[in-house]
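Colleague: I am new to this structure and would like a close look at a single part of it, the place where helices pack against one another. Please take me through that part slowly, and then show me how the rest of the chain is laid out around it.

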Amino acid sequence: MDSSIEDAARDRGAVVARGDEPVTAVSGRAAAPPVSLSPSRASDFMQCPLLYRFRVIDRLPEKPSEAATRGTLVHAVLERLFDAPAAERTAPRAKSLVPGQWDRLRESRPELGELFAEDPRGERLARWLGEAEQLVERWFTLEDPVRLEPVERELFVETELESGLRLRGIIDRVDVAPTGEVRIVDYKTGKAPRPEYAEGALFQMKFYALVVWRLKNVVPRRLQLVYLGSGDVLTYDPVLADLQRVERKLLALWEAIREATESGEWRPRPTKLCGWCDHQAHCPEFGGTPPPYPLPVRSAASGDVAQGRMGAD
């Protein structure tokens, strides 16, 4: 799945607010330590621990983007297309679903109306919807929905490892062959990465494969990324050793997240992606100050737990 909209909603929904928990200054909602890990949130921490804190603990608001919202819209269309009989899964029918799914998306998330608030004539919206239709149409050059009967679409999966770490996510599509072999498919509305960056793109898919293996004791036969932006299909056939390596990596990642949660030390990690970050005003790398840390922290001197702050007092 392209955007982290759905994943973020799942992560935030997993945090149960209790009356005795501190409330974040920015979001106004109760703060709580992270309780699970999704592919998007794992990628956030690897990209920048402070970004992870802003999204998971502080829950700072982020402006909707046209690109991410278009990805969500295209996913919804491709999911709904399989409601139709196989013979009716045509490109014109799929494109005809775009306006209705956009209306449904706006009803469920009214804040998306901000995207085209300064578009009184609707020209930018029309162009944006046309781009979504083009992405939907390109999918038909990469896969044939007439020949596909997904077992699951937009499947929410969750499992708890022996360590207690809970993994969760949403798989775009699960196909099962007559022989029982499982294929996990994910749609991307962007372009395929260069070969040297393919491993990063596959991390999300291996994450899902690990969850499926732990839930069903079945190693998926194939992981498939469908890039609608460039018209490429990236496949990978995992083996058990791949999933075991991913599990070890996630356990180490979770330990680092646990340590940062307890200490309150969430360090920024500047990269080229910082230019697209919504939280520059709160980031020390841009002269900002993070909001007061809303969780108890461990005293560095005594090991005791005390209420702490991150950033300048």
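Modeller: What follows begins with the whole chain, goes on to the helix packing, and ends with the cores and a few single residues.

The model you are looking at is predicted, and its protein chain holds eight helices and seven strands. Of the 313 residues of this chain, 43% count as buried. Among the contacts between residues at least 6 apart in sequence, 66% join residues at least 24 apart.

The part you asked about involves the helices α4, α5 and α6, and I will take them pair by pair. Helix α4 covers residues 66-81 and helix α5 covers residues 91-108, and the two pack with their axes 9 Å apart at an angle of about 120 degrees. Because of that angle, α4 counts as oblique to α5, and the crossing of these two helices is right-handed. On the α4 side the contact is made by Thr69, Thr72, Leu73, Ala76, Val77, Arg80 and Leu81, while α5 brings Arg93, Ala94, Leu97, Val98, Gln101, Trp102, Arg104 and Leu105. Sorted by class, this contact of α4 with α5 consists of nine nonpolar, three polar and three charged residues.

The next pair is α5 with helix α6, which runs over residues 123-139; their axes come within 9 Å and cross at roughly 140 degrees. That angle makes α5 oblique to α6, and here the crossing of α5 and α6 is right-handed. From α5, the residues Ala91, Ala94, Lys95, Val98 and Trp102 meet Leu125, Trp128, Leu129, Ala132, Glu133, Val136 and Glu137 in α6. In terms of class, the contact of α5 with α6 has nine nonpolar and three charged residues, with no polar ones.

The remaining pair is α4 with α6, whose axes come within 10 Å and cross at roughly 45 degrees. These two helices are therefore oblique to each other, and α4 passes α6 in a right-handed crossing. The residues of α4 that take part are Glu66, Thr69, Arg70, Leu73, Val74, Val77, Leu78 and Leu81, and those of α6 are Arg124, Trp128, Leu129, Glu131, Ala132, Leu135, Val136 and Trp139. By class, eleven nonpolar, one polar and four charged residues make up this contact of α4 with α6.

In soluble globular proteins, nonpolar side chains tend to be buried together. With that in mind, we can turn to the nonpolar cores of this chain. The largest nonpolar core has 46 residues, of which Leu37, Leu167, Ile184, Leu250, Ile257 and Trp266 touch the most other members. At least two residues of this core come from each of α2 (39-47), α3 (49-57), β2, β3 (182-188), α7 (198-216), β4 (222-227) and α8 (240-263). The largest share is that of α7, which supplies eleven residues. Ile257, for its part, is in contact with Pro34, Leu37, Phe45, Tyr52 and Trp266, leaving aside its neighbours within four places in sequence. Apart from this core lies another, of 24 residues, including Val74, Leu112, Val185 and Val226; Val74 is also one of the α4 residues in the contact with α6.

Two strand residues can be followed in the same careful way. Thr159 lies in strand β1, residues 152-160, and with a relative accessible area of 9% it is buried. Not counting residues up to four places away in sequence, Thr159 touches Leu165, Arg166, Leu167, Val211, Arg214 and Leu215. Val174 has its place in strand β2, residues 166-176, and counts as buried at 9% relative accessibility. Beyond its neighbours within four places in sequence, Val174 is in contact with Pro150, Val151, Glu152, Leu155, Val182 and Arg183. Val174 and Asp186 are twelve residues apart in sequence, and their C-alpha atoms are 9.0 Å apart in space.

Lastly, two residues have a backbone angle to look at. Arg59, although not a glycine, has a positive phi of about 55 degrees; its place is in the loop between α3 and α4, and with a relative accessible area of 6% it is buried. Glu154, which is not a glycine either, has a positive phi of about 50 degrees; this residue is in strand β1, and at 21% relative accessibility it counts as partly exposed.

Conventions. Residues numbered from 1 in each chain as written. Predicted model: local features only at pLDDT ≥ 70, side-chain atom pairs only at ≥ 80, totals over all residues. Heavy atoms only, no water. Axes fitted to C-alpha atoms, helices over the stretch in contact; angles between N-to-C directions. Helix = DSSP H or I, 4+ residues; strand = E, 2+ residues; numbered from the N terminus. Parallel < 35°, antiparallel > 145°, perpendicular 65-115°, else oblique. Left-handed = near helix turned anticlockwise from the far one by under 90°. Contact = heavy atoms within 4.5 Å. Nonpolar A, V, L, I, M, F, W, Y, C, P; charged D, E, K, R; others polar. Buried < 20%, exposed > 50% of the residue type's maximum accessible area, 1.4 Å probe, protein only. Core = buried A, V, L, I, M, F, W, Y, C linked by side-chain atoms within 4.5 Å.
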